[in-house]
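Subject: A structure for you to look at

Dear colleague,

I am handing over the structure below, together with some notes on what was found in it. Please keep it open beside this message as you read.

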Amino acid sequence: MDRFHKTLPVCVRVVLLAGLLCLVAGACLITYRYYQRPTTLTVAVGSFDGEARQAASLVAGYLATTNSPIRLKIENAGNVLDAAKTFAAGKADLAVVRADVGDLTQARAVAVMAEGVVMIVAPPGSTITTIAKLRDHTVGVAAGEINHSVVEALKKEYDLGHANVTFKDIVPSDARRAMQAKEVAALIVVVPLTDKYLSLVKGLFREGANSAPVLIPIDSAGAITDAKGPYESFDIPKGTLRGSPAVPADDVTTLRVPYLLVANRHLDQQVVGELAKRVMAARRDLASVQPLIAGISTPVLDADAYISVHPGAAAFYNGTQQSFMDRWGNAIYLTPMVLGALASIFAAAWRFLGIRGNGKTQTTLEQLSALRERIRDLEDEAELRKIEDEIDTMLRARLAKSADGEEGGTEALALIAVAQRLDNLVHHRRVVLSTRTSGVG
């Protein structure tokens, strides 16, 4: 340190210290930015009319504009079945899926995005008012493969295979033509009960003032629900399709299936918990902009749910999310203790191995001791004065450190004793040289 003080001016030392502080501050800032950077998750979304993608894009935009630590990258998957396939293949972290469609073994629920209601619709004036009357008729299945699970549930409960009921897949855009051409006697659709989708259902038929579509009830919805599947019993409210006169004239029992935002079960719990929190905030702020967003709700939190809730989302809904100190408090508390213990162990091992550096005091003593031989061999008074100057310089440096508390008093006393001995040697050598000079004269 003395060497630095002697060779480096004060201004240079200030600049070096400021530079070091800037480097430390920069490293801290980079570390902070690294841990605070947003986490981007890919979400697979699909629907035949693009409505689901629009809703997901609104949520993604909301997260971006509110500086959320979670960001969404929308992956257009085509339809809800394709979204489930994309998710099952591991190509997306999240997906908006229907609970009864696709392979969802790796899926854990984050939020309910909407509720799809099963509607079995017959043309105005149809005599088919119950599922039993579908015998020997052809039933259209809108969206085809997507609704096959609904068909299988109905077949199993009502034994429609033995009733000679034929099911025919129909593209949604071709449903109106198939109904008007009487290719099918009824049509199965699964849609949320929003104005847009109810208008689509009513648009399948030529509706007059005194005629309206016939909604066929699923009276055994409760039995289907008891099978612990993805469905639940639901009553379509009176007047859903038309208010006056009311269509249907009374509540109609049917099935309902949720559209879920799901996350991979291995996704970090803290990330999913924050996502659930932000999605619920988006529902609150965007419900007036997009009707589908108004349908966002809490998933079933029961342990035996058909698609269980992700632990991170469950912690948010149950109010048990860990705070920063809950997660890192123990580490913050224990880290200094662990580092201190490691330092003590290292120091003890260093002493045990006998590896000890030569301190400055020890080096000074050796130098002073080495001066004895030089003093005995000197033949010049000038060299003796030079030796005295060296001794004085060493003593001043050591005594200054002793005064500052950097060295103990014992070491300083030892140095003084050695210096006194050397001073006696110098005096003796000077007497010898003086005697020789007098003899020669």
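Over residues 357–362 the pLDDT, which is the predictor's confidence in each residue on a scale from 0 to 100, stays under 50, and for this stretch the model has seven contacts beyond four places in sequence, where contact means heavy atoms within 4.5 Å. This is a predicted model, in which local features need a pLDDT of at least 70 and side-chain atom pairs count only at pLDDT 80 or more, while totals for chains, interfaces and linings use all residues. Residues are numbered from 1 along each chain as its sequence is written, and side-chain values use heavy atoms, with hydrogens and water left out.

For the protein as a whole the mean pLDDT is 84, and 85% of its residues reach 70 or more. Among its elements, helix α1 (residues 2–7) has the lowest mean pLDDT, at 50, and β10 has the highest, at 96. Helices (H or I, at least four residues) and strands (E, at least two) are DSSP runs, numbered from the N terminus.

Strand β10 (residues 252–264) is a good place to begin. Eleven of its 13 residues are buried, so β10 is largely enclosed by the rest of the structure; buried means under 20% relative accessible area, exposed means over 50%, and partly exposed lies in between, using a 1.4 Å probe and protein chains only. Two strands are said to pair if DSSP finds at least two bridges between them. Strand β3 (residues 94–98) is joined to β10 by five bridges and runs antiparallel to it, with Arg98 standing opposite Tyr259. Strand β9 (residues 232–236) is also antiparallel to β10 and is joined to it by five bridges, and here Ser233 stands opposite Leu255.

The strand β4 is joined to β10 by nine bridges, again in antiparallel fashion, and its residues Ala107 and Val117 have as bridge partners Asn264 and Arg256, respectively. Which other strands does β4 run antiparallel to? One is β7 (residues 186–191), joined to β4 by five bridges, where Val117 stands opposite Val191; another is β8 (residues 214–216), joined to β4 by three bridges, where the partner of Ala122 is Val214. Since 14 of the 16 residues of β4 are buried, this strand is largely enclosed by the rest of the structure.

In soluble globular proteins, nonpolar side chains tend to be buried together. A nonpolar core is a set of buried Ala, Val, Leu, Ile, Met, Phe, Trp, Tyr and Cys residues joined through side-chain atoms within 4.5 Å. The largest one here has 85 residues, of which Leu72, Leu94, Leu154, Ile188, Ile218, Leu261 and Leu275 touch the most other members. Its largest share, ten residues, comes from strand β4 (residues 107–122). A second, separate core of 24 residues includes Met119, Ala142, Val184 and Val201.

Helix α9 (residues 269–286) offers a simple check on geometry. The expected span of a helix is 1.5 Å times one less than its number of residues, so the 18 residues of α9 should span 26 Å, and the end C-alpha atoms are 25 Å apart, which agrees. Among the buried residues of α9 are Val271, Leu275 and Met280. At the start of α9, a side-chain oxygen of Asp268 reaches to within 3.0 Å of the backbone nitrogen of Gln270.

Two single residues complete these notes. Is Ser68 buried or exposed? Ser68, in the loop between α3 (51–65) and β2 (70–78), is buried, with a relative accessible area of 1%. Its side chain reaches the backbone nitrogen of Ile70 at 3.0 Å, and, leaving aside neighbours within four places in sequence, Ser68 is in contact with Pro38, Leu63 and Arg278.

Glu388, by comparison, has its place in helix α13 (residues 381–403) and is partly exposed, with a relative accessible area of 22%. Not counting residues up to four places away in sequence, Glu388 touches Asp423, Val426 and Arg430. Glu388 and Val426 are 38 residues apart in sequence, and their C-alpha atoms are 7.9 Å apart in space.

With best wishes

Key
A polar contact is a pair of N or O atoms within 3.5 Å; within protein, one must be able to donate a hydrogen and the other to accept it, and residues adjacent in sequence count only if both atoms are side-chain atoms.
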